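Reader: I am new to this structure and should like to understand the terms used for it. Please take me through the reasoning behind each one.

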Amino acid sequence: MVQRWAETMWCLELLLPLLLIINDASCQWNVWVPRDISAMTNSCVVIPCTFMYPSGIRPYRGIHGIWYFGQPYPQLFPPVVFKSRTDVVHESYKGRTKLLGDLHQRNCTLLINNIGTEHSGRYYFRADLGGANMYTYPDYAELKVLDQPNIDIPEEIVSDESLELTCYAPDNCPDMTPEIQWMYTDYLPDPEFSSDYLEESNTAVLSNTLTFTPRPMHNGQLLGCRVYYPNTTLVYERLISLDIKYAPRSVWVNVSSEVMEGSSVTLHCEVDSNPPSRISWMFGDEELLWDTASNISLSLDDVTPANEGIYTCVGNNGYGVMNTSLYLAVKYPPREPTVNNSMTVLEGTSLALHCSTQGSPAPTLTWLKDGELVGTITADELSVLEIMEITPQGDGQYRCLAENEHGRASSSLNITVEYAPVLLEESKCTVVREGVQCVCMATGNPEPTIEFYLPDLNITINETDGRYNFYTHTDGHTSTGMIKLREKGERVDNGGPAVNVHCSIYNMYGRESVLLELQQEKKYMMAVIVGTIGGVAVIAFIIAAVRYVGHNNKKENGNPRQDVVLENPALYYSAVKKDKQNLRKKVGEDGDYQPVGPMAGLERQELNYAALEFIGARPREGASGRGDDGSNYTEIKAK
């Protein structure tokens, strides 16, 4: 610093003759001082100064000078920094100032030691040549006393672009030379350092430049510049926070989510950028919400399936654009399925039944017919049930059931199958007590009309004919017709009824005529035979019982007989009469057979029976007609 100060003084000495020449030519009051000069607190500063005065003036009692602070006009009583005539100065400058220049050489250079921030301001020089020749120069030196070094920071620091930061320290104190050091640079990528020394207007500044390429991660981090004077305790530091501009480098949103229909959901978006981005939530091409911030939240209330889809968060801060999307799935139970309208079709027609619905997750579709599963279960929003060449059995209600984990819904349709009449196997003629009853049963859609035709008589019997007890009944698609051909007692030559009946069934799709068979005729003959055999068996049982009882009585009285004789006719007659009454209950008072058990389906049929008659008071030849106890008896014979 001493060497540089000597060089400065040498420059002033060279400059002085030139200034004198200029002054002589212009004959003006003039001064040269640096407009700006700086120094660190508690250090010193030298303010270079050279003044001129008109050549025609002769200094009276020497040349004197005064330095003022703040104001150039004495009448305003500015603080006196230095005065060559006396030591009277402002108390804030006592012991701090010294004139380094020779006023007779027109050098007014001033030294200020141990300066503080309160000494920052303008300094004016006043020349005193004696008498009225006193002049305060309007030019001034602006002193800035710094308590920390200056760092030259660009107005804009952009990520991934090379950055230079320069730290300055004034070097205007001849007794001390500063040194500069950068702090907190360990995290920087490949930092570079360079030093420089600048002199301008006889003031000196030492600088150190840091060069590196910042990244978004460096935004907000601290850097520091330290200025210190070796061999002293003077240390000055300044910290800065890096404001690095960068395009959005990340856009964070919720993960794709699932919500139930009718619930609420909030979508969050956070954008990492500097400066903060204009953030907007987009649904398709529609902007739902925007704000200039670091984050934004979109709230959706009472969500519906219409809210399902892709939501995109877009961040744009002028340095770049970035976006991220999420998928919002709205879960809901199946909607009521859409199915075909109910229909009426002709037998043999092929059909395709469609069932479509919506649900989330996709529902399973099941076709049911009259509550029974038909077709296959489909895990889709559309199911087609194909029915090839439908039959009458395909008639009924078809229901499409849609199910998922959140609920179920169904829709139904009715299929009516129309078909030609079909004769049922229940159609027949049956022998009954009153004669012959013929029943004709048929199914069809529309319900078939039934007629009976008697070819032997060339008679057609239908619902308009009141003869033969004609009766019809319809139940759904089934029609029943019934007639009775003869009353009780009618016979033909062979003793049985003659049956020759045709059943005619028809509707708009067809007609059929069938001869009805007498399906119960053999059963009728079997009933007569079984009834006869049963009666004989009963009589034989009674005879055997009577003989057995008589034989036992003979043994007891010691009068054996070869014939079975009733020893107590009155007693046994009563027993036989009781058996006959039981027999009549089985056979019937009028001789008609009433079947039981397997024969219960038949009407009562006529049956011959055996009866017992008692021949009283006529004993067999060689046999006594009175028992030992004097009672009469009767021989039993089968008639």
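Author: A salt bridge requires a side-chain nitrogen of Lys or Arg within 4 Å of a carboxyl oxygen of Asp or Glu. The model discussed here is a predicted one.

Reader: What makes Lys369 and Asp370 a salt bridge?

Author: The closest N and O atoms of Lys369 and Asp370 are 3.0 Å apart. That value lies within the limit of 4 Å, so the pair qualifies as a salt bridge.

Reader: Why is Lys369 called buried?

Author: Buried means under 20% relative accessible area. Lys369 has 15%, and therefore counts as buried. Its partner Asp370 has 47%, which falls between 20% and 50%, so Asp370 is partly exposed.

Reader: How many salt bridges does the structure hold?

Author: The structure holds twelve. One of them joins the side chains of Arg226 and Glu237, with an N to O distance of 2.7 Å. This pair links distant parts of the chain, eleven residues apart: Arg226 belongs to strand S17 (residues 222-228) and Glu237 to strand S18 (residues 235-241).

Reader: What makes Arg226 partly exposed?

Author: Its relative accessibility is 24%, which is not under 20% and not over 50%, so Arg226 counts as partly exposed. Glu237, with a relative accessible area of 38%, is partly exposed because this value also lies between those limits.

Reader: How do you know that Lys331 and Glu258 meet in a salt bridge?

Author: Their N to O distance is 3.7 Å, and this is within 4 Å, so the definition is met. Lys331 lies in strand S26 (residues 321-331) and Glu258 in strand S20 (residues 257-260), 73 residues apart.

Reader: Is Lys331 called buried or exposed, and why?

Author: At 13% relative accessibility, Lys331 is under 20% and therefore counts as buried. Glu258 has a relative accessible area of 58%, which is over 50%, so Glu258 is exposed.

Reader: What makes Tyr184 part of a nonpolar patch on the surface?

Author: A patch residue needs over 30% relative accessible area and no salt bridge, and nonpolar side chains are joined within 5 Å. Tyr184 has 47%, so it passes the limit on area and is partly exposed. Together with Leu222 and Leu239, Tyr184 forms a patch of about 300 Å² of accessible area. Tyr184 is placed in the loop between strand S14 (179-183) and strand S15 (192-200).

Reader: Which residues have the most contacts inside the largest nonpolar core?

Author: They are Phe51, Trp67, Val81, Cys108, Ile112, Tyr123 and Phe125, in a core of 30 residues. Strands that each supply at least two residues of this core include S2 (36-40), S5 (64-69) and S9 (121-128). The largest share, four residues, comes from S10. A second, separate core has 28 residues, among them Met40, Leu111, Leu210 and Leu242. In soluble globular proteins, nonpolar side chains tend to be buried together.

Reader: How do you know that strand S13 pairs with strand S16?

Author: Pairing asks for at least two bridges between two strands. Eight bridges join S13 (residues 163-170) to S16 (residues 203-212), so the two strands pair, and they run antiparallel. Cys167 stands opposite Asn208 in S16.

Reader: Why are strand S11 and S15 said to stand at the edges?

Author: The open sheet has four strands in the order S11-S13-S16-S15, with antiparallel pairing. Strand S11 (150-152) and S15 each have a single partner strand, so one side of each is left without a neighbour in the sheet. From one strand to the next, the twist averages 25°.

Terms used:
Residues numbered from 1 in each chain as written. Predicted model: local features only at pLDDT ≥ 70, side-chain atom pairs only at ≥ 80, totals over all residues. Heavy atoms only, no water. Patch = residues over 30% accessible without salt bridge, like charges linked within 9 Å, V, L, I, M, F, W, Y side chains within 5 Å. Areas by Shrake-Rupley, 256 points an atom, 1.4 Å probe, with all protein chains shown as cover. Buried < 20%, exposed > 50% of the residue type's maximum accessible area, 1.4 Å probe, protein only. Core = buried A, V, L, I, M, F, W, Y, C linked by side-chain atoms within 4.5 Å. Axes fitted to C-alpha atoms, helices over the stretch in contact; angles between N-to-C directions.
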